[in-house]
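Biologist: I am new to this model and would like a close look at a single part, taken slowly, with the charged pairs as the way in. Please explain each term when it first comes up, and then place that part in the rest of the chain.

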Amino acid sequence: MDNTKASNVVSVLSEALPYIQKLNGKTIVIKYGGNAMTDQDLKIGFARDIVLLKQVGINPVVVHGGGPQIAQLLERVGKESKFIQGMRVTDTETMDIVEMVLGGLVNKSIVTMINQQGGRAVGLTGKDGSLIRAKKMQMSIDSDSNTSEIIDLGHVGEVQTIDPAVVSMLDDDHFIPVIAPIGVGDDGQSYNINADLVAGKLATVLGAEKLLLLTNTVGILDKQGKLLTGLNAKQVDEYIADGTIYGGMLPKVNCALDAVKSGVKTSHIIDGRVPHAVLLELLTDEGVGTLLKG
């Protein structure tokens, strides 16, 4: 290694030190999805980031999605995906596939990647240890007659309660929890829940220092395309009102904001397409996304 490269490495480590000290012993909930879950180099980089965080005394908890993988398997078995307002209609047969993909293929793949990088990951679904109690999501849409129509999405759920005991136990024993967003209802039925929502609720219940949502965008941009960061709730509301924040970004922003309002110190919407985005956001001055604070 030449002197310039060595000097750069030392500079980076020096910059990271105060962040490592501040986050030591803290819990960070990370929603893992998008390109970061499908590009092989990004997957390996993510796994290494998670292992490094645990190694320096930070407690990462990973909640993952898996929409593209579910769609691929549904297509292979000849079942058409149907969406209403962005939500996948999930009948019993589709739920079986969702559970197989999220709780099996995707979850164990992430666990294996982290373990190959020297970590000690354990895969869970919301069923394990009664982690996520769910209830059926009720969606209503306005009809032409100025009345609301209730739409049955099948096994699509929302978080009713979270019991973090199993996650806390794993954290305390130096394991890394990797959680698939499948909950169980009072009726014993499985429910597919949006991974962002699960991550946000889990961060709140765990009293997490930070919530990180990995996306396929650079973060929240103003109307001139400049990245916005360090936003508080009032500023976010103003950006929503004037149309700066709209469309697919709205649910993520609301999820991040709800977590901050519920006690999480900061939420971060970051670009998962950037190599080592998690470390860059947590351990450097500049970061790689939008930070929201209370």
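Modeller: A good place to begin is Asp186, which counts as exposed because its relative accessibility is 62%; here exposed means over 50% relative accessible area, buried means under 20%, and partly exposed lies in between, using a 1.4 Å probe and protein chains only. Please keep in mind that this is a predicted model, in which local features need pLDDT of at least 70 and side-chain atom pairs count only at pLDDT 80 or more, while totals for chains, interfaces and linings use all residues. Residues are numbered from 1 along each chain as its sequence is written, and side-chain values rest on heavy atoms, with hydrogens and water left out.

The side chain of Asp186 meets that of Arg133 in a salt bridge, at 2.9 Å from N to O, the term standing for a side-chain nitrogen of Lys or Arg within 4 Å of a carboxyl oxygen of Asp or Glu. Because Arg133 lies in strand β6 (residues 132-136) and Asp186 in the loop between β11 (182-184) and β12 (190-192), the pair ties together parts that are 53 residues apart in sequence. Helices (H or I, at least four residues) and strands (E, at least two) are DSSP runs, numbered from the N terminus. Arg133 itself is partly exposed, with a relative accessible area of 25%.

The part I would look at closely is helix α6, and another charged pair leads there. Asp196 forms a salt bridge with Lys252, with 2.6 Å between the closest N and O atoms; this pair links distant parts of the chain, since Asp196 belongs to helix α6 and Lys252 to helix α8 (residues 249-261), 56 residues apart. Both partners are covered by protein: Asp196 is buried at a relative accessible area of 7%, and Lys252 is buried as well, at 16%.

Asp196 also takes part in the start of the helix, where Asn194 caps the N-terminal end of α6 by placing a side-chain oxygen 2.9 Å from the backbone nitrogen of Asp196. That is a polar contact, a pair of N or O atoms within 3.5 Å; within protein, one must be able to donate a hydrogen and the other to accept it, and residues adjacent in sequence count only if both atoms are side-chain atoms. Helix α6 has 12 residues (195-206), which at 1.5 Å a residue should span 16 Å, and its end C-alpha atoms are indeed 16 Å apart; the expected span is 1.5 Å times one less than the number of residues. Along α6, the buried residues are Ala195, Asp196, Val198, Ala199, Gly200, Leu202, Ala203 and Leu206. Just after the helix, Gly207 takes a positive phi of about 65 degrees.

Beyond Gly207 comes one more charged residue worth following, for the side chains of Glu209 and Lys26 meet in a salt bridge at 4.0 Å, N to O. Here again distant parts of the chain are linked, with Glu209 in the loop between α6 and β13 (210-215) and Lys26 in the loop between α1 (3-23) and β1 (27-32), 183 residues apart. Glu209 is buried, with a relative accessible area of 11%, whereas Lys26, at 33% relative accessibility, counts as partly exposed. Lys265 joins these two, so to speak, in a network of salt bridges made of Lys26, Glu209 and Lys265.

The strand that follows, β13, contains Thr215, which counts as buried at 5% relative accessibility. Thr215 and Asp271 are 56 residues apart in sequence, yet 5.3 Å separates their C-alpha atoms in space. Further along, helix α7 (residues 233-241) has a contact at its start, where a side-chain oxygen of Asn232 reaches to within 3.2 Å of the backbone nitrogen of Lys234, and just after α7 a positive phi of about 85 degrees is taken by Gly243.

As for the whole chain, its secondary structure comes to 9 helices and 17 strands. The radius of gyration is 19 Å, close to the 19 Å that the globule rule gives for 294 residues, so the chain is as compact as a globular protein of that length; this radius is taken over C-alpha atoms, and the rule is 2.2 Å times the number of residues to the power 0.38. The C-alpha trace spans about 70 × 45 × 35 Å along its principal axes, and buried residues make up 48% of the 294 residues. The count of salt bridges comes to 12, among them the pair of Asp196 and Lys252 that led to α6.
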